[in-house]
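Hi,

Here is the structure I promised to pass on. Have a look at it first, and then read my notes below.

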Amino acid sequence: MSEKSANKQVPLERVRNIGIIAHIDAGKTTTTERILFYTGRTYKIGEVHEGEATMDWMEQEKERGITIVSAATTTFWTPYFEGHLPKAEYRFNIIDTPGHVDFTAEVERSLRVLDGGITVLDASEGVQSQSETVWRQADKYNVPRICFVNKMDKLGADFLATVEDIRTKFGVKPAVMVLPMGAENNFKGVIQLLERQALFWKDTAADTEPTVQDIPEEYRAQVEELRAQLIESIAETDDKLMEKFLNEQEMEINELKMALRKAVINYQLVPILAGSSLKNTGIQPLLDAVVEYLPSPVDIDEVKGTKPGTDEEVVRKLVPEEKFAGLAFKIQTDPHVGKLTYVRVYSGTLKAGSYAYNATRDEKERVGRLLLMHANQREEISEARAGEIVAVVGLRATKTGDTLADESEPIILEGITFAEPVISLAIEPKTKADQEKMGLALNKLSEEDPTFNIKVNHETGQTIIGGMGELHLEIIVDRMKREFHVAANVGAPQVAYRETITKPAEGEGKYIKQTGGRGQYGHVLLRIEPKDRGTGYEFVDEITGGVVPREYIEPVNKGVQESLERGFLAGYPMTDLQVALYDGSYHEVDSSELAFKMAGSLGLREAVKNAGMVLLEPIMKLEVTSPENFMGDVIGDLGGRRAQIQGTTTRGNVVIITALVPLAEMQGYVTILRSMTQGRASSVLLPSHYDEVPKSITDKIVAEREGTHRR
């Protein structure tokens, strides 16, 4: 870690909270390593392929060469070239996020608290499916971003094809800032279009500074053409510049940059830079672009939330002088200090040793220590101000997505939404001694990761863990063993099926018990109707005239929900239906909450018998990148997996096949694909939606479940 403290105060307009997002293997972590090296945060460059990356500090990350948890760090940068913003020190709070779809929660929570993003793309692969997913996640939280086309030195690198991909697949207007000189083995550097400067880098790790030269003759015509296009697209976003453009007046570089900055913050343009992180090329212009075009907290100006318990909108300015408000976006168990809660401070100041009010849970929390994180190293600080990202020690009740605020003026900020798990497996401790330890370990891991859930199957007594994919659950089990020293036996992965209905039906639920003394009496009439896919469960109270007293309506809903959890067809949770309570009766003496809860459960059981129950399964979006000569084999194999081929595109001599395929058919697919293509094809699987399971397969699943229950 560098000698200087990472907690130097710089004016808020010189703070950048940025995240690095991308498809798996596009070079995010390598790019982050270069950024840390150039900003003086590390003295030597850590390589992912050597297991030495600073930000990938977990054992599993080093072994697999992938990022699993988002790591946060603080570093400083003084712009390299003269620009339109002051040449002073800028503070970067950087989060390096995972690219693998199984760790989508890490990306989601990071994007929620960032002000800007760098999307890293592989120049030979263009925009891949997971890049699209993270791009849409960033759209959801309105995060302005710039694109870095990485791996320009790789075989098949094509800068302009990648720019076209960005235009069509992301649906945005690219602002091409540089033109790479050469590609693959001939990649020498980049030309900055606005400045008309050619930057050359020597291909040695020691010599990482660019030399500025005149533009080589063979690129001049193309530079002028691209520069004119860039100026036109910037001018289109600004009335004053448009007037100059139409009158063919000269525009100054600084006014173009100011207008571009505004356009980026308003999501009108996306600046595109290029380079090769592995060869230390193109990083300085990228860092300057972060300073010049990505927003500071001042540009974002304010954050909106609601007053607890009401829908009343509350606005906070993003300045230290405001009342404190922050969002807890990540929880991590640290072997040295216990539970760490990462908080983005939006407004005001948070002091170590003070108290904060958890507005989401209505609880007062003690702030023990405040830490500035650099991956898994830490530096203690006394206070955190607006615009900072810090780790807090000592919070007990706070969970991911909770708002911490000043108790005198509470606010609840927009939380974070996470995807539902699509795959599960049974897990049991190897020994009795591991039993208790396993419960603690699983709870800690589920606190950290909102897409990981734990259920106990009461019929079999098994613990079932659910997650976003096989790799996700594999890492969880591995972490249990290493971090918590719990050995466990694991069952085969199971698909997270759901049950639903296809037609409306009605059912009556009566729970009447007469035993000596006070009896039990609950009576309800329910109507159930199917809802659109992905809309979940809805309860409607249609009781008039008090035929069921108010205090018994919620217990009916509870009884229905408990039954939905257990399912009726094959024991899977039910979803996408509306349940209406429209009639019933009660007894003055014998009715109770329990009786109506039981009646709700019985009424639902009765109604689903005639509602045309079906099984739903998770459908995944699959993208296979394969050499052309194996295309027939890959498509033929997918045909046997109930896949619907969506399309194929050719890029160089590889073909990209996209398909929708049931998750149930994809176990062990990566291995099969490798052996089918001599190890040359790769695939990415993303959750898409739930769809009906064919009847023949449903019958088989139901029969299997019944067989298990009989045993």
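What follows is a run through the overall make-up, some salt bridges, one helix pair and a few single residues.

First, the ground rules. This is a predicted model, so local features need pLDDT of at least 70 and side-chain atom pairs count only at pLDDT 80 or more, while totals for chains, interfaces and linings use all residues. Residues are numbered from 1 along each chain as its sequence is written, and side-chain values use heavy atoms, with hydrogens and water left out.

**Overall**

The protein has 17 helices and 38 strands. Both are DSSP runs numbered from the N terminus: helices are H or I with at least four residues, strands are E with at least two. Of its 711 residues, 55% count as buried. Buried here means under 20% relative accessible area, exposed means over 50%, and partly exposed is in between, with a 1.4 Å probe and protein chains only. Contacts (heavy atoms within 4.5 Å) reach far along the chain: among those between residues at least 6 apart in sequence, 73% join residues at least 24 apart.

**Salt bridges**

I get 40 salt bridges in the structure, taking a salt bridge as a side-chain nitrogen of Lys or Arg within 4 Å of a carboxyl oxygen of Asp or Glu. As background, side chains of opposite charge can pair when their charged atoms come close.

One to look at is D115 with R344, at 2.9 Å from N to O. D115 sits in the loop between helix 3 (104-113) and strand 4 (116-122), and R344 in strand 15 (residues 338-347), so this pair ties together parts that are 229 residues apart in sequence. Both ends are buried: D115 has a relative accessible area of 3%, and R344 has 0%.

Next, E125 and K154 form a salt bridge at 4.0 Å, N to O. E125 is in the loop between strand 4 and helix 4 (129-140) and K154 in the loop between strand 5 (145-150) and helix 5 (159-169), so the parts tied together are 29 residues apart in sequence. K154 is partly exposed at 29% relative accessibility.

D153 also forms a salt bridge, with K279, and the closest N and O atoms are 3.2 Å apart. D153 belongs to the loop between strand 5 and helix 5, and K279 to the loop between strand 11 (270-274) and helix 9 (283-293), so this pair ties together parts 126 residues apart in sequence. D153 is buried at 18% relative accessibility, whereas K279 is partly exposed at 31%. There is also a network: D122, E125, K151 and K154 are joined by salt bridges that share partners.

**Helix 11 and helix 12**

The axes of helix 11 (residues 432-448) and helix 12 (residues 470-484) come within 10 Å and cross at roughly 120°. The axes are lines fitted to C-alpha atoms, for helices over the stretch in contact, and angles run from 0 to 180 degrees between N-to-C directions. That makes helix 11 oblique to helix 12; the classes are roughly parallel under 35 degrees, roughly antiparallel over 145, roughly perpendicular from 65 to 115, and oblique for the rest.

On the helix 11 side, the contact is made by K437, M438, A441, L442, K444, L445 and E448, which meet I476, R479, M480 and F484 in helix 12. By class, that gives seven nonpolar, no polar and four charged residues. Nonpolar covers Ala, Val, Leu, Ile, Met, Phe, Trp, Tyr, Cys and Pro, charged covers Asp, Glu, Lys and Arg, and the others, Gly among them, are polar.

**Single residues**

Which residues does E617 contact, leaving aside neighbours within four places in sequence? They are Y497, R642, P662, A664, H689, Y690, D691, E692, V693 and P694. E617 lies in strand 35 (residues 613-627) and is buried, at 1% relative accessibility.

R674 is in helix 16 (residues 669-676) and is partly exposed at 47%. Its C-alpha is 9.9 Å from that of S626, with the two positions 48 residues apart in sequence numbering.

Two residues other than glycine have a positive phi worth a glance: N142, near 50°, and D362, near 55°. N142 is in the loop between helix 4 and strand 5 and is partly exposed at 46%. D362 is in the loop between strand 17 (355-358) and strand 18 (363-366) and is exposed at 56%.

Cheers
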